[in-house]
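I have a new structure open today and a blank notebook page. I'll jot down what I look up as I go.

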Amino acid sequence: MTSSLLRPRGRTRTGTRASGGAAAGSTAPTRILDWRHPRVAALVRELGTGPADAAGSVGGADAGRQVESLHRVHTWISRAVRPVYSVQDGRPVSEVLRRGRGSCSQRLAVLEAVARAYGVPTRVHGLLVDGSFWYPRFPRLRRIVPDQVLLAWPEFRLGSPAGAAGAPASWLTVSELLGGLRPVAAEQGGGFTNAGSETLFEALSRTAIDWGAAPAACPSTGPGAGAAAGAACDLSAYVLTDLGHYDSRDELFARHGQTLCGLARLVAEPVLGRRGAA
């Protein structure tokens with residue numbers, strides 16, 4: 001049993017956008033992806049100049065260098081930003097870095113912000129995920145787990161910019177970027193159960209998590225249970241609604257709200273925002 005009482009009111013969460021290339025994405029900073037903030041800019045400098053090409057242009061870097069750079073960023077976030085159950089998905093990246101802790105959604109936002117600072121366009125795929133996916137994390141609190149969880153799943157446009165010479169730009173989901181293109185991830189593989197100490201964010205580095213229709217299913221305690229094969233991990237059975245693509249997570253949240261209503265976030269954040277998720 002999940003709860004619909006904590007859901008934002010007055011929001012119609014239906015698939016209002018085509019789940020394709022309708023959203024062009026961007027490298028521009030947003031309220032959440034505030035990569036021009038001094039704290040985020042300092043992190044970008046610490047991590048290096050990013051995937052510049054031979055001519056020194058970050059935007060013209062080849063996809064291979066971009067993958068390596070963003071994998072390095074993901075590794076840093078995994079080590080430096082402590083995983084917690086924060087429910088404030090709209091928190092700016094600069095504030096997440098100041099606190100040194102964040103939810104999977106907030107940590108993904110850090111990865112997006114740095115990618116944009118590197119000149120790599122990002123967008124998000126909006127998904128409504130069945131709250132039962134989080135049952136293993138809250139075995140004694142199932143009755144208050146929201147029935148729908150709004151997921152902003154990042155995508156990155158790698159390769160040459162549109163219209164530039166060379167390889168055409170392509171979009172990759174964050175799971176393809178981190179868990180599907182690297183040999184080490186393919187070797188490790190395995191599924192993701194959401195029941196252990198590993199978080200969804202950490203799992204991305206070793207398995208290509210798919211919310212669509214991948215051929216191999218993850219071992220799980222809920223819908224979509226099955227044997228894992230290779231590095232693929234299909235969680236599509238948990239998806240309730242495909243909301244399509246958006247230029248930024250800011251746009252997605254503005255259209256559909258966050259997972260919890262404002263009052264619920266206000267009450268829950270002081271506790272869940274400090275509770276370790278790993």
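**Entry 1: helix α1**

I start with the side of α1 where P38, R45 and E46 are exposed. On the other side, I find V40, L43, V44 and L47 listed as the buried residues of this helix, which spans residues 38–47. I wanted to know why these four belong together: they cover an arc of only 100° around the axis, so they sit on the same side of α1. A reminder to myself: an α-helix has 3.6 residues a turn, so residues three or four places apart point the same way.

Before going on, I note that this is a predicted model.

What do the buried residues of α1 pack against? I get three partners: α2 (63–80), α3 and α4 (104–117). I also looked at what follows α1, and there I find G48 with a positive phi, near 115°.

**Entry 2: α1 against α4**

I picked one of those partners and looked up the geometry. The axes of α1 and α4 are 10 Å apart, and the helices pack at an angle of about 70°. That angle makes α1 roughly perpendicular to α4, because 65 to 115 degrees counts as roughly perpendicular. From α1, the residues making the contact are L43, V44 and L47; from α4, they are V110, V114 and A117. I had already noted L43, V44 and L47 among the buried residues of α1.

**Entry 3: the whole chain**

Time to step back. I count 9 helices and 8 strands in the chain. The chain has 278 residues, and 50% of them are buried. I then looked at contacts between residues at least 6 apart in sequence: 72% of these join residues at least 24 apart.

Which residues touch the most other members of the largest nonpolar core? They are W153, F156, I209 and W211, in a core of 65 residues. I followed I209 further. Leaving out residues up to four places away in sequence, I209 touches W153, S175, F192, L200, A203, L204, C233 and L235. As general background, nonpolar side chains tend to be buried together in soluble globular proteins.

**Entry 4: salt bridges**

How many salt bridges are there? I get 7, and I went through some of them.

E95 and R98 form one, with 2.7 Å from N to O. These two are 3 residues apart in helix α3 (residues 93–99), so about one helical turn separates them. E95 also pairs with R99, where the closest N and O atoms are 2.9 Å apart. Here the spacing is 4 residues in α3, again about one helical turn. As for the arginines, R98 is partly exposed at 49% relative accessibility, and R99 is partly exposed at 30%.

Elsewhere, E198 and R206 form a salt bridge, with 2.8 Å between the closest N and O atoms. Is each partner buried or exposed? E198 is partly exposed, at 27% relative accessibility. R206 counts as buried because its 17% falls under the 20% cut-off. Back to the earlier trio: shared partners join E95, R98 and R99 into one salt-bridge network.

**Entry 5: two pairs across the sequence**

I looked up G131 and found it in the loop between β3 (122–130) and β4 (148–158). G131 is buried, at 0% relative accessibility. Its C-alpha lies 5.6 Å from that of P146, although the two are 15 residues apart in sequence.

Next I tried R65, which lies in helix α2 and is partly exposed at 37% relative accessibility. R65 and L158 are 93 residues apart along the chain, yet 9.6 Å separates their C-alpha atoms.

**Entry 6: helix α8**

My last stop is α8, residues 249–256, where the buried residues are R249, D250, L252, F253 and H256. Looking down the axis of α8, I see these fall within an arc of 160°, so they line one face of the helix. What do they pack against? The partners are α4, β3, β4 and β8 (239–246). So α4 turns up in both lists: the buried residues of α1 pack against it, and those of α8 do too. Just after α8 comes G257, with a positive phi of about 75°.

Terms used. Residues numbered from 1 in each chain as written. Predicted model: local features only at pLDDT ≥ 70, side-chain atom pairs only at ≥ 80, totals over all residues. Heavy atoms only, no water. Salt bridge = Lys/Arg side-chain N within 4 Å of Asp/Glu carboxyl O. Buried < 20%, exposed > 50% of the residue type's maximum accessible area, 1.4 Å probe, protein only. Arc of directions from axis to C-beta. Contact = heavy atoms within 4.5 Å. Core = buried A, V, L, I, M, F, W, Y, C linked by side-chain atoms within 4.5 Å. Axes fitted to C-alpha atoms, helices over the stretch in contact; angles between N-to-C directions. Parallel < 35°, antiparallel > 145°, perpendicular 65-115°, else oblique.
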